[in-house]
Protein chains: 2
Amino acid sequence: MGENDESEIIEHHDDEEMEKTRTPRYHAHSFLESVASSEKDGYSSTQSSHRLLAYSDALISIIATVMILPVAHTKFQDNEELKQSIQALLTTKVAVYLMTFLIVTVAWAAHIRLFQVIKRIDDTLALLNLACMMLITVLPYTFSLMATFPSNTLGILLFCACVMVIGLIQATIVLYGFSRPFFLNDQIQMSGNQAYYKRHILEVIMRVPIMCLFASIFSFIYIQLSYIILAIVIFLPYISQCLKWIWNKAIGESKISQHFNLLFLHEPLSKERVEAFSDGVYAIVATLLILDICKDNVPDPSVVKEEFNDKLLAALQEYGPEYLAYFGSFVTIGLLWFVHHSLFLHVTKATRLMGLFNTFSLAFVGGLPLAYHLTHEFPRGSLNELEAVQISCVIIFFAGLFQLAIWVTALFTQHETLHPYVRYGGREHAFMLAKLSLYPCVALGSFAFTCILSRFSTSIFHMMEIGVPFAFILLRLLVRVVLAALRWLFCPVRNDLDSVPVEEEDSQLPINDIVT
Amino acid sequence: MGENDESEIIEHHDDEEMEKTRTPRYHAHSFLESVASSEKDGYSSTQSSHRLLAYSDALISIIATVMILPVAHTKFQDNEELKQSIQALLTTKVAVYLMTFLIVTVAWAAHIRLFQVIKRIDDTLALLNLACMMLITVLPYTFSLMATFPSNTLGILLFCACVMVIGLIQATIVLYGFSRPFFLNDQIQMSGNQAYYKRHILEVIMRVPIMCLFASIFSFIYIQLSYIILAIVIFLPYISQCLKWIWNKAIGESKISQHFNLLFLHEPLSKERVEAFSDGVYAIVATLLILDICKDNVPDPSVVKEEFNDKLLAALQEYGPEYLAYFGSFVTIGLLWFVHHSLFLHVTKATRLMGLFNTFSLAFVGGLPLAYHLTHEFPRGSLNELEAVQISCVIIFFAGLFQLAIWVTALFTQHETLHPYVRYGGREHAFMLAKLSLYPCVALGSFAFTCILSRFSTSIFHMMEIGVPFAFILLRLLVRVVLAALRWLFCPVRNDLDSVPVEEEDSQLPINDIVT
């Protein structure tokens, strides 16, 4: 792996060495000679964008989840009903979190699209990209200003200013990239029609900043209109994509082949970057609670001396529920990551709709620490605790459900998006399905149990936490047993074949019966 | 890139497809037939460990930097002298941060070594690794318990328990890996002497847990001894590596060729993972201040109404210094990342000593948000502010200096660790050196200026912040000018060759004069 990556990352060295091997130096230099001397130096300093994109993904994933912190740190009064505080939360903080998550994801998708055109970078592009990242990190703050002062134009103006400057920087990147063709995607580099691509990508990139320009102008006249424009900016890519996908399903995919040349611009999600972004979100969310524990849950020496007779263990037992909440959320997020990891191992290409479901799943994952935090905030057996547990179940359910939705979406276009190995009827298909449906099923089951046996809600929840990791370890065995049972039930004649599993046999398995 | 990566990540599919292409199925199955039927199923579910390692790197980098939060959130009283509060900080919190950073780096190095042996994973190994990660995330907390209650055995016992359980899990991973040979490194898989490798790697992995076992036993008898053992655990790998490196330099590298078979165990840092870990640290550190700003710096609507006559802009101007601190720290960390990125683009292999310097550099980078936070805590022109600015300069200086140290170390073994392109005398050498020395020089200069012109310390600091990004953009030009000037000074005869730059000429450049 190491060698392979190296050759990818330091492409220019290879180019350089390839040059050296061509002994008559004036041969085969048609491309290099076409660029001027100063540009040739630029060429020698080009780098693969691999690590720049990984770093951008890490930054963007942190920014996407940052607004969950004000939600998680909201203090609940014990005498207050959870419902009321939850309602207060829902109106502003959760909305801000979700909006931030979506807008940052839109910015991230634009970033992907940009760097699908610009494949190689140099120092100037790297620095421009860093400036762009810095402005993206400010977006969550402008959003919380908007939410706190909805009638003040400052929040929306700041937001629009950021988006417009980001747009200008990205346009600069595009112009700079097209002025030195060796930065570009090979496909564009080969094509004679670079001006057309340049105009197209500039249009795509400048669409959102121009809408923001209008939003900022309207904010002085009629601020509600600005908010509507912003909502369009956030949701339009998703809605248009959904409609397009439904349209394609209904009419057929004739239009795609027509626009084949622009295909890579319309398929904006590189699987690698979806993985990197998801990893970042899972990692930061998994550690959110330990950040709090490390900062706040070290008892004060004087308190330990006075209240607990210098017994540290007794003092730490006070924090028991916090530790439990941490372990619960880490395990759940770790296992959801594990499912995501297994899923994307089998996915060969991420379509936009899959990316959309992935975003929704990640947005729910981001809410998990908050939910777990809630479960230990309230006295045992109270109505609040029950509701906190149920909210946790709902969040886990939706996080898992959207992962399942990615899988179902992939199955619709399985010849493009899935490896032959896991396609409908393939050997790993049932196992993957079991993995994906484990969390939604368990969450739904726990929710139902807590409704019936509301007195034991916490115990049920803790049993779920402990049971699920073991379920994952034994899953392959369980699926095997279930498949064997089903096979035995439906085709008892072919029972003797079980001891000689061959690929050819698997494709004839009655998997249709299992799935439906 | 995409296709290349896919083929790496989903290795087992390729294997599977390769199998299918071999039409007579009973041919060439020598290896597959040597494993039992149940193991063959295991083989079909093996995955490349690529993404698991990326996720682990992300988690570990967040954990390494988490203890900077309690340091950054220490409140300073304005009437107090900074020196006193800094001293109070230094004794506990900064020490805890540095120790955490180092111990987590040791755990990370062990993790790298483990997964250099285990190259492919399955679901069980992935889940075991997640359990291991969860325990690593608890280490910082046990450290802060130790620091707050140094005479209590509980902290050290918890720490040792964690390390021992991590050791047991890692040993399980090794045993599980060796029981299914297709998980292993190809080199080990091919060699006949697997039992030897197994014993060796188990010894390496269990060394630290066994020391911790002794530490936990001694903690009941004489707690100071436990701390000494812990210090040995943390620093021994570094010290032994330094000594070994010096020894190798002095005696020659005959011993390495002798132990050639074990070489990959002694060269524990894969460049890819060093990059991933560094990216994680840079990303989390760059966003630390925005986390605070998003959480704390949204003014309360009632306060704005009463104190600022509903003028939001006036209320936000109160936070001006915070924004400035954020931009300053983001720019500095972004540019330090940029230098790191440029450096590792030219590095082909990271030796242990380079890894050590990288760790030190990252530890200082982690302190940057704190330093920038300090610069705006105090009234303008006060002695405290001057000292805060100077601390920032010192931290930037050391962060940059250790990056330079990586480069110098790489130059010592340049034929193994550097690309021919940037080796001593190579065309990019001077430029790389300029990039690396820019921050240390600027920091040193600012420090000197603040000592002389102490009244203008903040202005000098802000000018540095604004100037450095431009310096990076113009650096290539500057280096070119300096080189041309030097060339003109030292060899005016060959001036006419300047217009025809050829590689052969560059190697004869008077670069020795420039460097010395």
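The following exchange examines how the terms applied to this predicted two-chain model rest on its computed values.

Me: What makes a local feature or a side-chain atom pair eligible in this model, and how are residues and chains labelled?
Reply: The model is predicted, so local features need pLDDT of at least 70 and side-chain atom pairs count only at pLDDT 80 or more, while totals for chains, interfaces and linings use all residues. Residues are numbered from 1 along each chain as its sequence is written, chains are lettered from A in the order in which they are written, and side-chain values use heavy atoms, with hydrogens and water left out.

Me: What is the confidence in chain A, and where does pLDDT stay under 50?
Reply: pLDDT is the predictor's confidence in each residue, from 0 to 100. Chain A averages 75, and 78% of its residues score at least 70. Among the elements of chain A, helix H9 (residues 153–179) has the highest mean, 90, and helix H3 (residues 30–34) the lowest, 33. Values stay under 50 over residues 254–265 of chain A and again over residues 494–516 of chain A. The model scores ipTM 0.79 and pTM 0.81.

Me: Why is B:Ser446 called buried?
Reply: Buried means under 20% relative accessible area, exposed over 50%, and partly exposed in between (1.4 Å probe, protein chains only). B:Ser446 has 5% relative accessibility and therefore counts as buried. This serine lies in helix H22 (residues 429–452) of chain B. Contact means heavy atoms within 4.5 Å; beyond four places in sequence, B:Ser446 contacts B:Cys393, B:Ile460 and B:Met464. Two of these partners, B:Ile460 and B:Met464, are among the buried residues of H23(B).

Me: Is B:Asp57 buried or exposed, and which residues does it touch?
Reply: Its relative accessible area is 2%, so B:Asp57 is buried. It lies in helix H5 (residues 50–65) of chain B and touches B:Trp108, B:Arg273, B:Ala276 and B:Phe277, not counting residues up to four places away in sequence.

Me: How do you know that the span of H8(A) agrees with that of a helix of its length?
Reply: Helices (H or I, at least four residues) and strands (E, at least two) are DSSP runs, numbered from the N terminus. The expected span is 1.5 Å times one less than the number of residues. The 26 residues of H8(A) (residues 123–148) should therefore span 38 Å, and the end C-alpha atoms are 39 Å apart, which agrees. H8(A) nevertheless bends by about 25 degrees at A:Leu139, with A:Pro140 following within four residues. Of its 26 residues, 21 are buried, so H8(A) is largely enclosed by the rest of the structure.

Me: What makes H23(B) a kinked helix?
Reply: The bend at a residue is the angle between axes fitted to the seven residues ending there and the seven starting there. H23(B) has a kink of about 60 degrees centred on B:Leu474. A straight helix of 34 residues would span 50 Å, whereas H23(B) (residues 457–490) spans only 39 Å between its end C-alpha atoms.

Me: Why are the two copies said to be related as by a two-fold rotation axis?
Reply: Copies are superposed by least squares on the C-alpha atoms of residues with pLDDT of at least 70 in both. A rotation of 180 degrees with 0.0 Å of shift along its axis superposes chain B on chain A, with RMSD 0.0 Å. The copies are thus related as by a two-fold rotation axis. The same surface serves both copies, since 100% of the contact residues of chain B recur in chain A.
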